[in-house]
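Colleague: Before we plan anything, could you take me through this model?

Modeller: Here it is; ask away.

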Amino acid sequence: MTDDKDVLRDVWFGRIPTCFTLYQDEITEREAEPYYLLLPRVSYLTLVTDKVKKHFQKVMRQEDISEIWFEHEGTPLKWHYPIGLLFDLLASSSALPWNITVHFKGFPEKDLLHCPSKDTIEAHFMSCVKEADALKHKSQVINEMQKKDHKQLWMGLHNDRFDQFWAINRKLMEYPAEESGFRYIPFRIYQTTTERPFIQKLFRPVATDGQLHTLGDLLKEVCPSAIAPEGIDGERKNQVMIHGIEPMLETPLQWLSEHLSYPDNFLHISIIPQPTD
Amino acid sequence: MPSSALWAVDLFGRVYTLSTAGQYWELCKDTQLEFKRVSAATQGCWGIACDNQVYVYVCASDVPIRCQEEAYENQRWNPVGGFCEKLLPSDRWPWSDVSGLQHRPLDGVALPSPHWEWESDWYVDENFGGEPTEKGGWTYAMDFPATYTRDKKWNSYVRRRRWIRYRRYKSRDTWAKLAKFAITKMKNDEWIDGCMGEWKDSRERSPPLALWALVSQSQVWYREDVSHPNPEGSSWSHVDTPGEVVQISCGPHDLLWVTLWEGQALVREGINRNNPKGSSWCLVEPPTSENGIMHISVGVGVVWAVTKDRKVWFRRGVNSHNPRGTSWIEMVGEMTMVDVGLNDQVWGIGYEDRAVYFRQGITPSELSGKMWKAIVASRVCDRSHSGSSSSLLRAGCFFGDEVRVSGDSCAPSDTDASSEAERPGPEPVPAESPESPGNSKGSSASGPGTTRTAEHASEGASPADQTPGPEPRPGPASTPAELPWTSIDLKEPKKAPSHSAETTGLSSLEMLPLGLEEPYCADDHPLWVWVSGGGCAVEAHTVLKWFTAQAGLSSSMQTLSLSITPAQTAAWRKQIFQQLTERTKRELENFRHYEQAVEQSVWVKTGALQWWCDWKPHKWVDVRVALEQFTGHDGARDSILFIYYVVHEEKKYLHVFLNEVTTLVPVLNEDKHSFALYTPERTRQRWPVRLATATEQDMNDWLALLNLSCCESRRVLGRPSLQAIWSITCKGDIFVSEPSPDLEAPEHPLPCDQMFWRQMGGHLRVVEASSRGVVWGIGYDGTAWVYTGGYGGGCFQGLASSTGNIYPQSDVKCVYIYENQRWNPVTGYTSSRGLPTDRYMWSDATGLQECTKAGTKPPSLQWSWVSDWSVDFSVPGGTDEGWQYASDFPSSYHGYKTMRDFVRRRCWARKCKLVTSGPWLEVPPIALRDVSIIPESPGADESGHSIALWAVSDKGDVLCRVGVSELNPAGASWLHVGTDQPFASVSIGGYCQVWAVARDGSAFYRGSVSPSKPAGDCWYHIPSPAKQRLKQVSVGQTSVYAVDDNGNLWYRQGVTPSYPQGSSWEHVSNNVRRVSVGPLDQVWVIANKVQGSHSLSQGTVCHRTGVQPLEPKGQGWDYGIGGGWDHISIRANATRAPRSASQETAGEQGLPSGPSSVAGALQEAVGPVCC
């Protein structure tokens, strides 16, 4: 019998094989070899690329180095999106490994946030966790936690320690026995086809008649275009992807929130065009 | 908590029930009768119908209400014809009762009422005090009356034998009319009200009952001498009242209040055990003079009243010493009536809306509760078993399965359930007999009690009561099957009841579709007139679904059903698992050589704990503890626990590799949250590391983390394997071990101190497993539980626990203390002054520990009190008003006073309750004492067959479960297997051999049990070993072992397929508390006492070594984990030692044999395990 706990592990230990190459226009003293790395899907680019940075800085002059940023096929990669989300959204149909270009110059100010240090990532991560808990429990759980618990969440993510993280995070996933779920489901829906960065609305896990809301219910409500069939065969033109998989639209949203949320406690859902093969 | 039901009557006189687990009011069958009031008990309900007759509704259950009739056949020896029926003129009747005084021919024994039927014909009882007699069952004596013996001697002039026959109550799930209950000679007594109280303290076998009736002319009557063994009572006595009584209410204990026509209340004072009638009335004025009291209801320690202006009042300060209380407190709300039910919970009928209200927030500390909450459950118009096609259709189209489920669970059997569960369970550990939570059965005083009255008093046999009644206690089982319940309708002219029975039968079928459909279902706002919570067990943590209107299906998440829930098999779930696996393969498989972005690091958790310093100064010492977790190159996790302490200002530390830890045992005691940590070494020494934390949460965090670390380093994750070995500590904690294949190896088996035990959530007294994944447990309170396939729960949360299959669980037991007194010439017996050398005046059973009422705490911090102290009258050996006398402390006590007795003691009991969670689901309704599941023959493919499971109920009934399978481990229903006396233990072994032990200590073998005939055909009596009373039996593939009261382990010699009863008992060992024989005929026991190098341990798991096909008794013992262990079930482990190691089942769950191959020298005991 497979247990739902295994899903948490699978989600946590998701890895994307990545090939980092230095941008061709960067000035180097000698040729920069590509760098291969397994990136944790649930982490953030700037949190796990110390090795990449070191690798490429070795071949560059000190004065040519400013803030590092990443790009995939021309799209700057937002470090404040989880890696798995970036991959699903931008590269899920391309071949592995994922090719990421590394830049040290020309920071695209209008596309990316600066990330001066890991404290910035921590601050961003914690604010997401807090926002999620505000939706789930009116912030009651996160506020009851001690500072060290917050730290343990962050360090768990930072050090890729599943147990350490989940020892605290499980408290954020609980809900009162008399309810059948959270108050609202923290989710964000991303589409490549629109300018809008993402959709986020208030949505409850349970309908007024007591029925559990499903992923399909959510999309119908907040993003109907995502699941609208198109074409004569009635096939959907979009894929609904979380953590590299396509859950069925019948999946209860509460279950998804408990098991497929990213460490920031949000369900990051990518709507991407159906690959044409 | 099992579900139980609330009963109510609507404006049309129809009776409905609402289950504590349900959401719908369900109509009682039998819709022709209209009722005025009902009074519910746990097993059924009494009602006064509109014809002013008294009816009883007994809920059906798998265990029949059966009652033994007996008659003796007496013969005298005659020189001419030998023994014959010709007796001397001075002799007794040839057919008589046991005393010989009453003539009792077999054909003269009639059924007491049409509600009974015979189960079988008369047969001779061949069992004589636990010993089988010669064929024919004769016992011999020199003369009548005399002491009879089994053996015929030269001077045996007379003989007699016992004939028995069982009758069974048949009018269940229907309203049965009781004969009119002649109290006075007046023809037209009309029942107005009545009630019954029950002195149901602690473990008493037959508590006296107090029966009060109010009949026309406002007369109050008390029935003398009513008790379970004498349910008819002896006579009515009139109790004068100083006014015209209109309503009466008595509580489960000593409260009796009546309402007067003028609006005052009368309180009966001076009621106690010795004077159940009380001595005098005392007038209580209504809260306000202009509005008198209209209705009163009392419980154990509460009184609620409704006055004529519909206001509700709570009486402050009511208790046994002051039944009057002190003053009235006005409550919010206007009611037409209120009813106090079990646990002093309160229901009422609102005046405005005639809705049923439940008083929320009533706890022992806050008896008046917090607020009224309206019950808005909607009504289902049929009981699911009504069989009316139209109703089925309705159910089908509106509610799908749900209705059936809730219907079923609401069905009467559940009412039983609660009562069963509340019944004091088996008490294998005499010191902790589980007890009913709360003084249940508060037949609160409402009207219908009358019925009850009726029944008990004149007819005697309230069948409903009966089941709860004869609480079979272990101990000297008195006459077998002491079901003294007679029946209903003793005096009723025959035709009337039968007539009523018929009508009800027919009406239930015919009237339902007609009568019910339209008018009552359509109306969504029912009007109620009466409610009774006497059978409805609601406790603080009970989650009720009564308060929200249900539209459609509730979320399937909540369905408590063991068969795999739809959510688990749902396509979406499968797809997620499958896709995640595919994703991992796609994204990782070809790229494993890539570097990880984040290097694994060491993670350290530190904390401030206390550590028990085992050498000087022998006390708890503050320590700092650090757990360092690191990941090896192979990805395996390992951890070291460091304990830093300071002695003599010197800093020192101790460390433990978690991969060497064999068990972590929570040791909750009165004031510390502590746990013990064992390694093989420390198990041998009986010397665990003991650590304590400041708070419960801290301990749970540490335990969960340490357990997880241990499990990870041994790669034991997820649910236990099918072969797992289950065990239970004396505190009720559950442990599981994955058997290593070399555990049962013929040579160099794995020493059992190296077994790794991990804890499962939950609280049990008994657990039994089979290798097909079916695991059952029994709580201290006798509740049966089935394993759900989850893991964790209890103190394990988060990662150490499975997401699903964890449910709340509760258990109840009793704590006993002793009051000791010494006689002195001036004051008589007194507890104020003993001799200086005496024991404490309040002590434990041994007298060594002082235990006062105020100072005694529940056994651990997990338990909390749910009752007050009360005298235990059911001490083995009998008591005189609770007292046991002796010449001096410590001594053997007797239940009566003699001239030479200078000291006496009595036992006080108090119930406590524990609430936890674990992978267990209740199997209602019958409380069990023992259970056994057939072990699978190794290698045999028996999947598909249902799994044989036998049990003994807490009353001693033998039961066989139908429909148990891997997919439905809880099975479907019980099959009752008749016995002539209460049983104590049962075991089913290979080839369906069923052995059992009766309460009298003798063994029985059940003949002809097979998959096609699961209950077998008859019992064969097997005498116990000489002068020993057996208490437990375990049957393996072929071996049969039994344990007696004195701790001896016996092997049954000569068991062969053609003669499965065997020939004799052979002594194997002493010092054994419990035995479990597995499918490989391996023998494991819990030993009483084992000496380690550091301390003595009581209750140790031991493994019999050298057990071979040709040497089934084995040679010696190997000691495992302990002390403090109480139960083990080895019966799922059919893992043979590997010839080829590949067929190892354990796989990822298997035990990677021990930390190191300390091919430990077996502590081979030459003799028995003793010290």
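Colleague: Which residues of chain B does UniProt list for "domain: Peroxin/Ferlin"?

Modeller: Keep in mind that this is a predicted model. The name comes from an unreviewed UniProt entry. For chain B that record lists residues 64-125, 137-170, 810-872 and 882-915.

Colleague: What are the helix and strand percentages of residues 137-170 and 882-915 of chain B?

Modeller: Residues 137-170 of chain B have end C-alpha atoms 30 Å apart, and for residues 882-915 of chain B the figure is 31 Å. The first of these spans is 0% helix and 44% strand. Residues 882-915 of chain B are 0% helix and 50% strand.

Colleague: Which element of chain B gives the largest share of the side that touches chain A?

Modeller: In the contact between the chains, 35 residues of chain B meet 41 residues of chain A. On the chain B side, α8 (571-588) and β34 (595-596) each supply at least two residues. The largest share, eleven residues, comes from α8(B).

Colleague: How many residues of each class are on that side of chain B?

Modeller: The classes are nonpolar, polar and charged. For the side of chain B that touches chain A, the counts are 16 nonpolar, 15 polar and four charged.

Colleague: Which residue of β34(B) stands opposite L37(A)?

Modeller: Strand β2 (residues 35-40) of chain A and β34(B) run parallel and are joined by two bridges. Opposite L37(A) in β34(B) stands E595(B).

Colleague: How far apart are the end C-alpha atoms of α8(B)?

Modeller: The helix has 18 residues, and at 1.5 Å a residue α8(B) should span 26 Å. The model agrees with that, because the end C-alpha atoms of α8(B) are apart by 25 Å.

Colleague: Where around α8(B) do the buried residues R573(B), I576(B), L580(B) and E587(B) lie?

Modeller: R573(B), I576(B), L580(B) and E587(B) are buried in α8(B). They cover an arc of only 80 degrees around the axis, so they lie on the same side of α8(B). Exposed on the other side of α8(B) are A571(B), Q578(B), E582(B) and K585(B). The buried four are therefore placed, by their arc, on the same side of α8(B).

Colleague: Which residue in the turn between β28(B) and β29(B) has a positive phi?

Modeller: Strand β28 (residues 327-340) of chain B and strand β29 (residues 346-350) of chain B pair in the antiparallel sense over five bridges, with D339(B) opposite W347(B). They form a hairpin with five residues between them. The turn residue with a positive phi, about 55 degrees, is N343(B).

Key:
Residues numbered from 1 in each chain as written. Chains lettered and ligands numbered in written order. Predicted model: local features only at pLDDT ≥ 70, side-chain atom pairs only at ≥ 80, totals over all residues. UniProt positions renumbered as here; feature names shortened; annotations may be inferred. Contact = placed C-beta atoms within 7 Å. Nonpolar A, V, L, I, M, F, W, Y, C, P; charged D, E, K, R; others polar. Pairing = 2+ DSSP bridges. Expected span 1.5 Å × (residues − 1). Buried ≥ 20, exposed ≤ 12 C-beta atoms within 10 Å, placed from the backbone. Arc of directions from axis to C-beta.
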